[in-house]
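The following exercises are intended for work with the sequence and the model side by side. Each task is followed by a solution in steps.

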Amino acid sequence: MRSRSNSGVRLDGYARLVQETILCHQNPVTGLLPASAQKKDAWVRDNVYSVLAVWGLGMAYRKNADRDEDKAKAYELEQSVVKLMQGLLQCMMRQVAKVEKFKHTQSTGDCLHAKYDTPTCATVVGDDQWGHLQVDATSIYLLMLAEMTASGLRIISNLDEVAFIQNMVFYIEAAYKVADYGMWERGDKTNQGIPELNASSVGMAKAALEAIDELDLFGVHGGPKSVIHVLPDDVEHCQSILCSMLPRASTSKEIDAGLLSVISYPAFAVEDADLVAITKSEIINKLQGRYGCCRFIRDGYRCPKEDPSRLHYDPAELKLFENIECEWPVFWTYLILDGIFSEDLVQVQEYREALEGILIRGKNGIKLVPELYSVPRDKVDEEYRNPHTVDRAAMGQLPHMWGQSLYILGCLLAEGFLAPGEIDPLNRRFSTQFKPDVVVQVCILAESEEIQQLLNDHGITVQTMSEVLPIRVMPARILSHVYVKLGNCKKLSLSGRPHRHIGVLGTSKFYEIRSRSYIFTPQFLDQHHFYLALDNQMIVEMLRTELAYLSCCWRMTGRPTLAFPVTRSMLVEDGDAIDPCILATLRKLQDGYFAGARVQISDLSSVQTTSFHTRLSFLEEENDDSLPDDEEEDEAYEYGEYNQCGPSEDSENVFDQYLTQLLHSTSTKSHLPPIQKGQHDHIFSAEHTTRDILSFMAQVQGLNIPKSSMYLPVTPVMSKHRRSLNLLEVPHSQPTPHVKQHKPHSSADLHLPRDSHGNTDFAELVRQLKECSTLQDQADILYILYLMKGANWVVELSGPGQGGVSVRSLLEELYAQAGASKEWGLIRYISGMLRKRVEVLAEACTDLISHHKQLTVGLPPEPRERVITVPLPPEELNTLIYEASGQDISIAVLTQEIMVYLAMYVRSQPALFGDMLRLRIGLIMQVMATELARSLHCSGGMLTKIRTIIPHRN
């Protein structure tokens, strides 16, 4: 019989260690690991970390096999890993309804649970009885699922599980704007149950998204249907927010030792080597002790001064924990792994020796990693006086399976049984390597032949959208519709990706769908969702920003390709010339450099070979029956400029026909009478401001209008001409010196038509709407109908029984007409009525908060001024802004606009905000109005003027 080699004997020793400290606790039915003999529940995060040693040992046996028994042992260990990962998957799939709901709400009440019952995979506590929202726990599962699958393990077994994992990607892709409870389940450091944005969660989510992107979950046995797709902009948002936070861990935590898992193994989420070094240095200098590292400063967990009978602390209690925080040996195991991956042998040796000195010897001399070391109760005062001098006692779980697993994994690597690449088959360890310069390919397209000729007259040769066929050019919103299909699974009641916008990284590549090539224009050119794209100067500024963003953030093979259509809205008012700012920008692009980015102007056909291509395999022919239903779309957008590049009439491609149908069915149809410029006759009396209309309508509706203004006092109108764009101002009742107050006007004063019963004659209002030919009058009438009848009330413009159109649709049409006329005040206030929201509103809010700022909307005092300290879901944030703006919804729109501007500045020039803690947007608007009044030598009333200013001048 062949003798056992020395390496085989040592491996057998580690196998006994793994068996006696980890695998002996594995449940034979579910495969889950309880936290300890005392804590029977299975935590997701702890289970994933605890099985890493088993995974590593299995690979070591397979690599160093002396005999057949070693191969059998390797298979046994690998199947233990598979069983645990499948057990965790079953736990989460039982909560599939929460995954579906959380994608839309990002609420702490709709998240997956953090721990489960070990024997049954069932939940163990209620939704509100634990800090369940821990994005890093879900992310570490997905990250290691990707790494283990890449190493050859087969964990996912059917397409339903693939669909669930795809929806788990959607679950974590918004991590950069989700406040959660973090690695330590307590949220804010004060332990009040307050969630906050955590760098550890954002970083782990970023790593998971990168690792699982384009991964086939069936491994070598898979096909297109088992591939996971991740949108690159979500990854980059996480990267941006993470870097803006580090080395700080969160708003309340100056530093956290848990960040070691983000800057080093297993996440390797930070690409800036200097930032990695700074964060690591902060952890060692501020948190390291004689027995490990504290989790964070003033951590009260298991301290002798902590009251274990209370779930939360008192606000002033944290001071008691300073200098007596418990020290955790597990963080030294992270530093050992970090030294191995960075090839720092001195660091590896130093921490291995330090760790050996604090391990507990168990039965038969096996080495156990304790959970933590705490100051003895009778030595607290001495430790207060002389920190890190008192001998501490091991407490908590023994062994701490999380730490035990990483300790064994570090030993296997340090002793040469494993190479770093074997536990990192996706090569995440190279994240800090040098990235080559990126050349952005810009393809300028003309909407029509007329625009093409105008550009040719200036020496700019471009193609029209019809000339680039068979490549089809589509707006970014269509791509959002397409991605809704991704991850859709009727058996699990999963709807797929939420209808979110697609960023510029996602639109700067070619898409191969059913053997046809598509490219999508950037989201910032969408004029229909929010009005910033109606300002050509803002388009230039956003193009400058996006090109710089592409240049520094592009990580895919091939070059990014940005399609830039020149449309009618980019012409001057007469339509006979290109807007000078657009023309100047196109000329700068021809020079090869723009905003510090290297650019190359080319035709679409010539850049195909050098661009990145993505195949959307989930849209193959067999899935035609599950294409989204156009009739379900509740928004109206005009895509007329893209219709001309549709497929030929004899095309039998169902998907192409669906896209063409979608473009036509969502175009805005004309119902309102044509606008005639230069008219000044008004439906209502000229003496009455539209504030009077609002006041009267508020009385009709029984609205509770504040007695005092929320905003600046407005000076009286000096001319007889009615101010048309003040529909949404709050009526003012507080007297102002030397200002004559307006008396309330009755319906007769406003000349609203009346029927025989004295009620408002809406049929007559509709008749007046059909006859009025000015934007302002149409807006007045539609506002009255909107307020009294609601947005869904059907207006029969063609007469009774002839069919009608909703007030909302008419407002959308009026919004488009106001945009074409550049009536900014009207645009803003219709946006308010339609509750339009900037697509990047939540991202802008998160950008500001991640730079450790607080936001307020509205004017003081509270509760009218609302404070925002944590990221909020988009709809919740939008609702809060409108509530804080009172009756003046145009102010809500301005608030969004200013929030976007502030976020642009805090990203590009963070030093400007260095001494600011709270950004008060309501006061910013008030100062803007005051400065405008001063510059124009007026006494006040400039807030109305601000609403009419073109966006780039605000």
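The exercises below treat a predicted model and concern salt bridges, a helix, strand pairing and a loop residue.

**Exercise 1. Determine which parts of the chain are tied together by the salt bridge of Asp391 and Arg290.**

Step 1. The criterion is a side-chain nitrogen of Lys or Arg within 4 Å of a carboxyl oxygen of Asp or Glu. For Asp391 and Arg290, the closest N and O atoms are 2.9 Å apart, and the pair forms a salt bridge.

Step 2. Asp391 lies in the loop between α13 (380–385) and β6 (393–395), and Arg290 in the loop between α10 (273–287) and α11 (330–341), so the bridge ties together parts that are 101 residues apart in sequence.

Step 3. The relative accessible area of Arg290 is 37%, and this residue is partly exposed.

**Exercise 2. Describe where the partners lie in the salt bridge of Arg544 with Glu541 and in that of Glu883 with Arg866.**

Step 1. Arg544 and Glu541 meet through their side chains at 3.7 Å, N to O. Both belong to helix α18 (residues 536–553), where they are 3 residues apart, about one turn of the helix.

Step 2. Arg544 is partly exposed at 29% relative accessibility, and Glu541 is likewise partly exposed at 29%.

Step 3. In the salt bridge of Glu883 with Arg866, the closest N and O atoms are 3.4 Å apart. This pair links distant parts of the chain: Glu883 is in helix α30 (residues 874–884), Arg866 is in strand β21 (residues 866–868), and 17 residues separate them. Arg866 is partly exposed, at 29% relative accessible area.

Step 4. For the wider setting, the whole structure contains 39 salt bridges. Bridges with shared partners join Lys206, Glu210, Glu271, Arg428 and Arg555 into one network.

**Exercise 3. Compare the expected span of helix α27 (residues 807–821) with the distance between its end C-alpha atoms, and identify what covers its buried residues.**

Step 1. The expected span is 1.5 Å times one less than the number of residues. For the 15 residues of α27 this gives 21 Å.

Step 2. The end C-alpha atoms of α27 are 21 Å apart, which agrees with the expected span.

Step 3. Buried residues of α27 include Val807, Leu810, Leu811, Leu814, Tyr815 and Ala818, and also Glu812 and Glu813. The elements covering the buried residues include α25 (762–771), α26 (775–789), β18 (794–795), β19 (805–806) and α28 (824–833).

Step 4. After α27 comes Lys822, which has a positive phi, near 55°.

**Exercise 4. In which sense does strand β20 (residues 854–857) pair with β22 (residues 918–920), and in which sense with β21?**

Step 1. β20 and β22 pair in the parallel sense over 3 bridges. Within this pairing, Gln854 has Arg918 of β22 as its bridge partner.

Step 2. β20 and β21 pair in the antiparallel sense over 3 bridges. Here the bridge partner of Thr856 is Val867 in β21.

**Exercise 5. Is Ala267 buried or exposed, and which residues is it in contact with beyond its neighbours within four places in sequence?**

Step 1. Ala267 is located in the loop between α9 (260–263) and α10.

Step 2. Buried means under 20% relative accessible area. Ala267 has a relative accessible area of 0%, and is therefore buried.

Step 3. Beyond its neighbours within four places in sequence, Ala267 is in contact with Leu143, Met204, Ala207, Ser261, Val262 and Arg428. Ala207 is 60 residues from Ala267 in sequence, and their C-alpha atoms are 5.3 Å apart. Arg428 also belongs to the salt-bridge network of Exercise 2.

Conventions. Residues are numbered from 1 along each chain as its sequence is written. This is a predicted model: local features need pLDDT of at least 70, side-chain atom pairs count only at pLDDT 80 or more; totals for chains, interfaces and linings use all residues. Side-chain values use heavy atoms; hydrogens and water are left out. Helices (H or I, at least four residues) and strands (E, at least two) are DSSP runs, numbered from the N terminus. Buried means under 20% relative accessible area, exposed over 50%, partly exposed in between (1.4 Å probe, protein chains only). Contact means heavy atoms within 4.5 Å. Two strands pair if DSSP finds at least two bridges between them.
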